[in-house]
Amino acid sequence: MTAAKPGLLQIGTFVPEVQSQIDAEFDGILPEDLDRDPVRAAAVRAIITRSNLAVPEALIARLPALEIVSTCGVGYDLIPLDVTARRGIVVTNTPNVLNAAVAELCVGALLALLRRLPQADRYVRAGRWLEGQFPLATSLAGKHVGIVGMGRIGKDIARRLELFGVMLAYHGRTDQGLAWRYEADLQTLARDSDILIVVAPGGPETRHLIDAPVLQALGPQGWLVNVARGSLVDTGALLAALEQGTIAGAALDVFEDEPHVDARFFALDNVLLLPHIGSATHETRAAMAQLTLDNLRAWFRSGRALTVVEGK
Ligand code: 8YV
């Protein structure tokens, strides 16, 4: 007699090659079906979700048999870890498999911002090259780059940027004894940097870490790049800084209320706007989705998951 398939609540969508495995191995239910099927709701032992989607505390409260939450993504700021810890629910994410993709996107966005690549493309398409040369832009080489959050992705970004001849420093909770300069004070790092790259985890502890004083310290020749979470930047302060020339410009892949983006950004020529595509490659998303599923498989086969959220 084969074991019953574990009850699984699915939040969000997954690539077809992973969805077919989910369907084959689990008794899946969607949030909107919980009311209609309370018996299956009571039998849900796992949640599979995506890191840009919230797992509300109220939803967890409806699942008395919940054992594990497996999220597709490195971020877990939308999962109430205080609740899962209290209930003894394991939380897993998908670290490492997306480092290169996010690091590539960060470097690409920075170069596009400094060298004004979107504006140059529009310049040619609009036939304006016939009128004259595209205005000079800004080099990356020789710049001072400050990285806020020197985790695995931050290190991948730093290693890539070294090849561009920049001077690197970083800010985070601790001095990791790396080859790059550690700056314990964020405003000092911003003051010393031409470019500030935000790649720290989201969550209550880092909300609005980049605020008006930090932007003021970054200064009118300074550039901001955010590939982490929108919550790390005070949107109102950033918009004011961009509109008033407090900083030179910004490249943003994440926003506080994404996918809703404040329309004031659309009027600005000194900002690059991206739709949270840091990990959005075929290869990376497939690897992330597979690891998300493999965490569940490992849990139900051995009682141990593969990549449990650190320190929680
Ligand atoms: C996407 C991310 O949001 O890994 C994260 O935490 O923010 C991105 O990779 C995620 O892949 C969506 O599932």
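This section describes the ligand site, the internal cavity, one of the pockets and two cysteines of a predicted model.

The ligand is surrounded by 13 residues, the closest of which are Cys72, Val74, Arg229, His276 and Ser279. Classified by side-chain character, this shell comprises six polar, four nonpolar and three charged residues. Three arginine side chains place an N or O atom at short range from ligand oxygen: for arginine 229 the separation from an oxygen atom of the ligand is 2.8 Å, for arginine 50 the corresponding value is 2.9 Å, and for arginine 285 it is 3.3 Å. Of the 330 Å² of accessible area that the ligand has on its own, the protein covers 95%.

Arg229 also belongs to the lining of the second largest pocket, where Asp77, Leu78, Arg229, Ser231 and Glu256 lie nearest the centre among 15 lining residues. The volume of this second largest pocket is about 280 Å³. Its lining divides into six polar, five charged and four nonpolar residues.

A search for enclosed space returned one cavity of 30 Å³ or more. The largest cavity has a volume of about 60 Å³. Its lining is formed by Asn226, Gly230, Val233, Thr235, Leu238, Leu252, Val254, Phe255, Glu256 and Phe265. Six of these lining residues are nonpolar, three are polar and one is charged. Glu256 is thus named in two settings, as a lining residue of the largest cavity and as one of the residues nearest the centre of the second largest pocket.

With respect to the cysteines, zero disulfides were found in a search of the whole structure. Cysteine 72, one of the residues closest to the ligand, has a relative accessibility of 3% and therefore counts as buried, the cut-off for this class being under 20% relative accessible area. Cysteine 106 has a relative accessible area of 1%, so this residue is likewise assigned to the buried class.

Methods
Residues numbered from 1 in each chain as written. Predicted model: local features only at pLDDT ≥ 70, side-chain atom pairs only at ≥ 80, totals over all residues. Heavy atoms only, no water. 1 Å grid on protein atoms, 1.4 Å probe; cavity = no way out; pocket = protein on both sides within 12 Å on 5 of 7 lines; lining within 4 Å. Points joined across faces, edges and corners; volume = space filled by probe spheres on them. Nonpolar A, V, L, I, M, F, W, Y, C, P; charged D, E, K, R; others polar. Near = heavy atom within 4 Å. Polar contact = N/O pair within 3.5 Å; in protein donor to acceptor, adjacent residues only side chain to side chain. Areas by Shrake-Rupley, 256 points an atom, 1.4 Å probe, with all protein chains shown as cover. Disulfide = S-S within 2.5 Å. Buried < 20%, exposed > 50% of the residue type's maximum accessible area, 1.4 Å probe, protein only.
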